[in-house]
Amino acid sequence: MRQTLSSSFVTPLFLCIFFFFVSISTSHGLTATNDSLIRKTCKKCAQSDPNLSYNFCVTSLQAAPHSHYANDLRQLGKISITLLGRNVTNTRSHIKELLKNQKKMDPFVRSCLHDCFDLYSDAIPTTKQALQDYKAKHYDDANIDVSSVMDATTTCEDGFKEKEGLVSPLTKRNNDAFMLSAISLSIINMIRLNGDSI
């Protein structure tokens, strides 16, 4: 007795396989489009701000979980401010750990770390406000908020430079927060000038 596959089984199986491959090819197309959006955005950001590294911008935005779903500049702006908020929160926690775990610390360094802790503590709600202003399309207010966070990073870093020969334990973190701020500011300014398109 010969068994044959019924058409009622083959047709749904074929359709499932077909839609699976269509969804894979479509999702790869979206990823390529989003990657292109990220690269174009970062190229413009780096051109408008000599302190901003193109590679840092691309790597940061690509690493963000939702960046692969961003379809326009506005969504990338939201993602960049969210990244900044996470960085600021993480840096504040890092400073807290440094203060807690290093009992025998130079008093000047301890003082600088306390100042930085206060600056980053203030930057957390400022970043949240920046995101709210951005979502509400209050770009001037978002710009002021993000600029304030950027200033906090440089103020923190500059505090360590007041003592000759002292190396800041926060240089990389301050630089990262500075550049994330620069990315956000560049995107905000692009949107203010051009809307959602690049």
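**Figure 1. T41, tucked away in a predicted model.** At 0% relative accessibility, T41 counts as buried. This is a predicted model, and the residue in this panel belongs to helix α1. Follow the chain 35 residues from T41 and you get to L76; the C-alpha atoms of T41 and L76 are separated by 8.6 Å.

**Figure 2. The whole chain, for orientation.** Before the other close-ups, here is the overall layout. The protein has six helices and zero strands, so reading along the sequence gives the pattern α-α-α-α-α-α. Of its 198 residues, 39% count as buried. Take the contacts between residues at least 6 apart in sequence: 71% of them join residues at least 24 apart.

**Figure 3. Where helix α2 crosses helix α6.** How are α2 and α6 oriented to each other? Helix α2 covers residues 54-63 and helix α6 covers residues 171-194; the two pack at an angle of about 85 degrees, and their axes are 10 Å apart. Angles of 65 to 115 degrees count as roughly perpendicular, and α2 and α6 are therefore roughly perpendicular to each other. On the α2 side, look for F56, C57, S60 and L61, which meet D176, M179, L180 and I183 of α6. Sorted by type, the residues of this contact of α2 with α6 come out as six nonpolar, one polar and one charged.

**Figure 4. C57 and its partners.** Staying with α2, this view picks out C57, which is found in that helix. With a relative accessible area of 0%, C57 is buried. Which residues does C57 contact, leaving aside its neighbours within four places in sequence? The answer is C42 and I183. C42 sits 15 residues from C57 along the chain, and the C-alpha atoms of the two are separated by 5.6 Å. I183 turns up in the previous figure too, as one of the α6 residues that meet α2.

**Figure 5. S80 and the residues around it.** Here we move to helix α3, residues 73-101, where S80 lies. Is S80 buried or exposed? S80 has 2% relative accessibility, so it counts as buried. Setting aside neighbours within four places in sequence, S80 is in contact with L61, I183, S184 and I187. Two of these names should ring a bell: L61 is among the α2 residues, and I183 among the α6 residues, where those two helices meet.

**Figure 6. D49, in the loop after α1.** Helix α1 runs over 7-48, and D49 lies in the loop between α1 and α2. Don't let the loop setting fool you: at a relative accessible area of 15%, D49 is buried. What does D49 touch, not counting residues up to four places away in sequence? It touches A182 and S186. The pairing of D49 with A182 spans 133 residues in sequence, yet from C-alpha to C-alpha they are 7.5 Å apart in space.

**Figure 7. Two tyrosines, with an arginine over one ring.** The structure holds one aromatic pair. Y134 and Y139 make it up, in an edge-to-face arrangement, with 5.6 Å centre to centre and 70 degrees between the planes. Both Y134 and Y139 are buried. Now find R74: its charged end sits over the ring of Y134, 5.2 Å from the ring centre.

**Figure 8. K137 and its positive phi.** This view shows the loop between α4 (107-135) and α5, where K137 is found. What is phi of K137 near? It is near 65 degrees, a positive value in a residue other than glycine. Most residues other than glycine have a negative phi. As for accessibility, K137 has a relative accessible area of 52%, so K137 is exposed.

**Figure 9. S148, partly in the open.** The last close-up is on helix α5, residues 139-161, which is the place of S148. At 37% relative accessibility, S148 counts as partly exposed. Look for A123 as well: S148 and A123 are 25 residues apart in sequence, and their C-alpha atoms lie 7.6 Å apart in space.

Notes:
Residues are numbered from 1 along each chain as its sequence is written. This is a predicted model: local features need pLDDT of at least 70, side-chain atom pairs count only at pLDDT 80 or more; totals for chains, interfaces and linings use all residues. Side-chain values use heavy atoms; hydrogens and water are left out. Helices (H or I, at least four residues) and strands (E, at least two) are DSSP runs, numbered from the N terminus. Buried means under 20% relative accessible area, exposed over 50%, partly exposed in between (1.4 Å probe, protein chains only). Contact means heavy atoms within 4.5 Å. Axes are lines fitted to C-alpha atoms, for helices over the stretch in contact, and angles run from 0 to 180 degrees between N-to-C directions. Angles under 35 degrees count as roughly parallel, over 145 as roughly antiparallel, 65 to 115 as roughly perpendicular and the rest as oblique. Ala, Val, Leu, Ile, Met, Phe, Trp, Tyr, Cys and Pro count as nonpolar, Asp, Glu, Lys and Arg as charged, and the others, Gly among them, as polar. Rings of Phe, Tyr and Trp (its six-membered ring) pair if their centres lie within 6.5 Å; planes under 30 degrees apart count as stacked, over 60 as edge-to-face and the rest as tilted. A charge sits over a ring if NZ of Lys or CZ of Arg is within 6 Å of the ring centre and within 35 degrees of the ring normal.
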